[in-house]
Amino acid sequence: MDTLSETADKVDQSLQNMGIDGTSVKQSIRDFLDFKEYLAEQLPAFTGFCIKVVLSIIVFFVGRKIIRWIVSIMRRSMERANVDAGVVQFISSAGKAILYTLLIFNIAISLGVKESSVAALLGTAGVTVGLALQGGLANLAGGVLLLMFKPFVVGDYIIQDQANGCEGTVSKIEICYTTLLSIDNKKIVVPNGTLSNSMIINVTAKENRKLEIKVGISYEADIRKAKKILEDILKADPDTKSDNAEMVVFVDELGESAVIMGLRVWVPTEAYWATKWRLNQRIKEEFDANGIAIPYNQLEVYVHPRK
């Protein structure tokens, strides 16, 4: 095969034989042939790089399926070991993040990036992200503290006692955030750092809760009769009748316009509100049936005619 110079010389000679100055044409042909030769030399490397890119994409999708499979196995194993649901969710999220980091690290190396360069890049990126996301790191640390000390677990109903606090049933405890579901089924996402640094009231931590109800009766009403009615209501209710030892009915206060009667009794936590609403209704019905008035604020106006 003729070399580039020989080819260009032959074209130049042919043009001179025809009486044409082929200097510029010769240079253009030489440039074209140089570019063609460059492409021919770089084609294997370019083809190899394209193949690496395609293989990397395939490896990413295959690796993603493998990561999901590994995380699923981890989750099922912890669930069979009766590990707390919050711990399962936290470890699954952290494991997924670590595995994806390793997958991207390996793909970068397969594309020809040196391990030291990738490690330096990850280190620099880690410091930069750490400085930029100090709140995120605080949330991560808060999540670890929540899982270590367990002020609540998945399924508990908690109240975050702050000025802008919230409450709801714990649905998920993840790396940086905890998800609550409110009574009206709103999804509330709270940073773990906020939860770990605030007062938390765990409403459902114990099996039983102390229920207290207060109601006012008129000063003309029979106090002993009112106490007997309240005791009978408590002993008859299905959620309070078992607490014969600690249930108590008492006169709480002699108010300005009413005698304040009170009762305290232990009830199952899951039946707290249903029991309270039911008892309030029963008290009103029984007091009405027995002629015990529940007074309310009234304003009496006397009109004096002018003399």
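A pocket, as the word is used here, is an open set of grid points with protein on both sides within 12 Å along at least five of seven lines. With that in hand, here's a quick tour of this predicted model. The largest pocket holds about 250 Å³ of space. Around it, there are two open sheets to get to know: one of five strands, in the order β4-β3-β2-β1-β5, and one of three, in the order β6-β8-β7.

**How far to trust it**

- Averaged over the protein chain, pLDDT comes to 79, and 74% of the residues reach 70 or more.
- Helix α8 is where confidence peaks, at a mean of 94, while helix α1 (residues 4–17) sits at the bottom with a mean of 56.
- Where pLDDT is low, don't read the predicted coordinates in detail.

**The five-strand sheet**

- Pairing in this sheet is antiparallel.
- β4 (187–191) and β5 (199–202) are the edge strands, and each has a single partner, so one side of each has no neighbour in the sheet.
- On average, neighbouring strands here are turned by 45 degrees against each other, direction ignored.
- Strands in a sheet pair through backbone hydrogen bonds, and that can happen in a parallel or an antiparallel way.
- Going strand by strand, β1 joins β2 (residues 167–173) in the antiparallel sense over three bridges, and Ile-158 stands opposite Gly-168 in β2.
- Next along, β2 meets β3 (residues 177–181) over four antiparallel bridges, with Ile-173 opposite Thr-178 in β3.
- β2 and β3 also make a hairpin, with three residues between them.
- From β3 to β4 there are five bridges, again antiparallel, and Tyr-177 has Pro-191 in β4 as its bridge partner.
- The β3 and β4 hairpin has five residues between the strands, and in this hairpin Asn-185 takes a positive phi near 65 degrees.

**The three-strand sheet and its helices**

- This sheet is antiparallel as well.
- Its edge strands are β6 (208–217) and β7 (248–254), each pairing on one side only.
- The twist from one strand to the next averages 25 degrees.
- β6 pairs with β8 (residues 259–268) over ten bridges in the antiparallel sense, and one pair to look up is Asn-208 with its bridge partner in β8, Pro-268.
- Helix α7 (residues 223–236) lies across β6, β7 and β8, and runs at about 15 degrees to β8.
- Helix α8 (residues 272–289) lies across β6 and β8, running at about 25 degrees to β6.

**Back to the largest pocket**

- To picture how empty space gets found, imagine rolling a probe the size of a water molecule over the atoms.
- The lining includes Tyr-157, Ile-159, Glu-167, Ile-183, Val-203 and Thr-204.
- Also in the lining are Arg-209, Thr-269, Glu-270, Tyr-272 and Trp-273.
- β1 (157–161) and α8 each supply at least two residues of that lining.
- By type, the lining splits into six nonpolar, two polar and three charged residues.

**Two strands and a helix to keep in mind**

- β1 is worth a second look: β1 pairs with β2, and β1 also helps line the largest pocket.
- α8 turns up in several places too: α8 lies across β6 and β8, supplies residues to the pocket lining and has the highest confidence in the chain.
- β8 sits between β6 and β7 in the strand order, and α7 and β8 run at about 15 degrees to each other.

How values were computed. Residues are numbered from 1 along each chain as its sequence is written. This is a predicted model: local features need pLDDT of at least 70, side-chain atom pairs count only at pLDDT 80 or more; totals for chains, interfaces and linings use all residues. Side-chain values use heavy atoms; hydrogens and water are left out. Two strands pair if DSSP finds at least two bridges between them. Axes are lines fitted to C-alpha atoms, for helices over the stretch in contact, and angles run from 0 to 180 degrees between N-to-C directions. Contact means heavy atoms within 4.5 Å. On a 1 Å grid over the protein atoms alone, a cavity is a set of points where a 1.4 Å probe fits but cannot get out, and a pocket is an open set with protein on both sides within 12 Å along at least five of seven lines; lining residues have an atom within 4 Å of a point. Grid points are joined across faces, edges and corners, and a volume is the space filled by probe spheres set on the points. Ala, Val, Leu, Ile, Met, Phe, Trp, Tyr, Cys and Pro count as nonpolar, Asp, Glu, Lys and Arg as charged, and the others, Gly among them, as polar. pLDDT is the predictor's confidence in each residue, from 0 to 100.
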